Structure formats: structure tokens, C-alpha cells
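Biologist: I'd like a close look at a single part of this protein, please. Take me through it slowly, residue by residue where you can.

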Amino acid sequence: MKSLLILLLIALPSIVLGQGASPSHYKIYSTTEQKLVTITDIIQQTDKIDVLFFGEEHNDSTAHSLEYAIFKGLTEKYPGRTALSMEMFQTDCQLMLNEYLNDFIREKNLLTDARAWPNYKDYRPLVELAKVNHLPVVAANAPSRYTNMVTRNGLGSLEQLSKQAKGYLAPLPIDTATGAYYDKFIKIMGGHEAMAGIQIYQSQNLWDATMAWSIAQFFKTHSGFKILQLNGGFHSEERLGAVAQLKKYAPKARILTIASYSGENFDNPDWTKFKSLADYVILTDTKLSKE
């Protein structure tokens, strides 16, 4: 009993953080309906979808609170049929993540052995909610040693890997997206001159493809589940990146997208600037979001 009390006291700050987003700290806009909506409105739309992408800014604490609120809403609407998929864990750490969810190992072992992100405290409430409700969490991201390998030597270098190593990645060869996604990537990198070579873009595609493959594999084996995917915004904006890759691996998956930003113009946003980015756009108060 004493150890349980200590565990609850340790967990409480993170749980409070996950539940504490005040509506005055964020605005949610439906780009389809062209109006402000609530988290409840988003949850109600999920009857018609399978995968909900939440594109975040990784250091936005308000957005993390909203992720928790959405995941909690999904678990209540679809008890036993909700899953969390995360860029924040890499595929070769799925075993450790499962062991933690099944209470085989301690949290400190999860943090070290599964290479948890430095700001894991922001995601901890979601993982703990999954654990309490015995829900799956998908370690979706490509191991960084392989994305680094591609950055140095190109996608073709992955063919040298063992069968076991390739099992942590989307099937080879990886499709390198052209067109709008490539142009967008070049722009955010500062132009062709700022890039050392095409390999860094190939790494991005490996990243996207592996997350999409991880989701697709779960989707195909868990009929009726609702999957909340968390990733950096660039991976899912405009339904490019991981979203486009998922449509290749699981064409029947019905997808909804959210893009979250800490808004410099929070008090008077120009929503027309966001209309093509996602089904729902969230703006959070810059003064409160970055911690």
C-alpha cells in the first residue's frame, strides 16, 4: 500500500499536466466547417475514421495536454478499442514498451532501455493512461541509427542490413516522395544550397514510411480500433509525409488530421492561412505553451 501511494504521488504532477489545458489557452478550428469547435466535436467525428494524426510542436505543453484529452476521450468512447502510436518511441523498443505496459519492468528501465525522449514527462500521461486501461502503444519511429545511416550513405545502404534489422523498418525499397512534399522539405531546409545532399531527404522519407508502416501493421491486425498517432507537424501537414505513406500501405484506412501550432497571433488568428494544413487546426497561446 505504501509503495502504491508513493507511485501515485510521483504520477500526480504529470497526470494533472495532461488534464490541465484550459479552453482559454487554445482554439480549435475546423477547416472543413470553417468554424471554431471543441475537443468533443473532434471525438464525435471519429466514428468515421481509423487513424487520427496529431501533428505537434514538440515543446508545446498545451498541445500535449490536448493530446491527452483527445486520447482520454477516445478511450471513453471506444473502451478497449483505442491505441496510441508514437514517433517518440522507435520500433526496436517495442519489446521494452510492451514489458512496461504489462508491468514487467520499472519505469526507469523504460526510460533508459527504450531511449525515451528528454521531455518524456509531456507524453507520460498518455502512456500511463494506456497502461491503466490495458491499451496498446505502438513504437512507430525508425531507429535513429538507420536514419543516420541513410543521411550518410543514402537509402541504398539499408540493403546491407540483416533481416532482423530490416524488420525494424518499412519494407525496402522506401518510396521517396516527389512533388509537393519534396518542394516543401527543400523550402524548410533553406533551399538546395543548404542541403548536403539528397540523403537527408531520403532519411525523412524513411522516417515517414516507417511510422506509416507501423500504423498500417497495427491497423491490419486490430479491426475496429481507433489509433491516435503523435508526430511532429511536418510529418502530417497537408496529408503529406507519413499520411501519404500510410495511404500506400493501408489504402482503406480512414484518416483525420490535426495540426497544432503555438500562435503568435493567438488573439486574432487568420484561419485562412491554415486551411490546407489539416482537418483541424489548433492554436495555443504562445505565452503559455512553451515551458
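Is Y100 buried or exposed, going by its relative accessibility? And what is around it?

Modeller: Keep in mind that this is a predicted model. Y100 counts as buried, because its relative accessibility is 4% and the cut-off for buried is under 20%. You'll find Y100 in helix α4, which covers residues 94-101. Setting aside the neighbours within four places in sequence, Y100 is in contact with I105, R106, E107, L110, V127, E128 and K131. One more distance for Y100: L111 is eleven residues along in sequence, and the two C-alpha atoms are 9.9 Å apart.

Now the helix itself. Buried along α4 are M96, L97, Y100 and L101. Looking down the axis of α4, those buried residues fall within an arc of 135°, so they line one face of the helix. The general background is simple: an α-helix has 3.6 residues a turn, so residues three or four places apart point the same way.

What sits over that face? The cover on the buried residues of α4 includes two strands, β4 (82-90) and β5 (137-141), along with two helices, α5 (107-113) and α6 (124-132). If you trace the chain on from the helix, look at D103: just after α4, D103 takes a positive phi of about 65°.

So, to pull it together: Y100 is buried at 4% relative accessibility, and Y100 belongs to the set of buried α4 residues that line one face of the helix.

Conventions
Residues numbered from 1 in each chain as written. Predicted model: local features only at pLDDT ≥ 70, side-chain atom pairs only at ≥ 80, totals over all residues. Heavy atoms only, no water. Helix = DSSP H or I, 4+ residues; strand = E, 2+ residues; numbered from the N terminus. Buried < 20%, exposed > 50% of the residue type's maximum accessible area, 1.4 Å probe, protein only. Contact = heavy atoms within 4.5 Å. Arc of directions from axis to C-beta.
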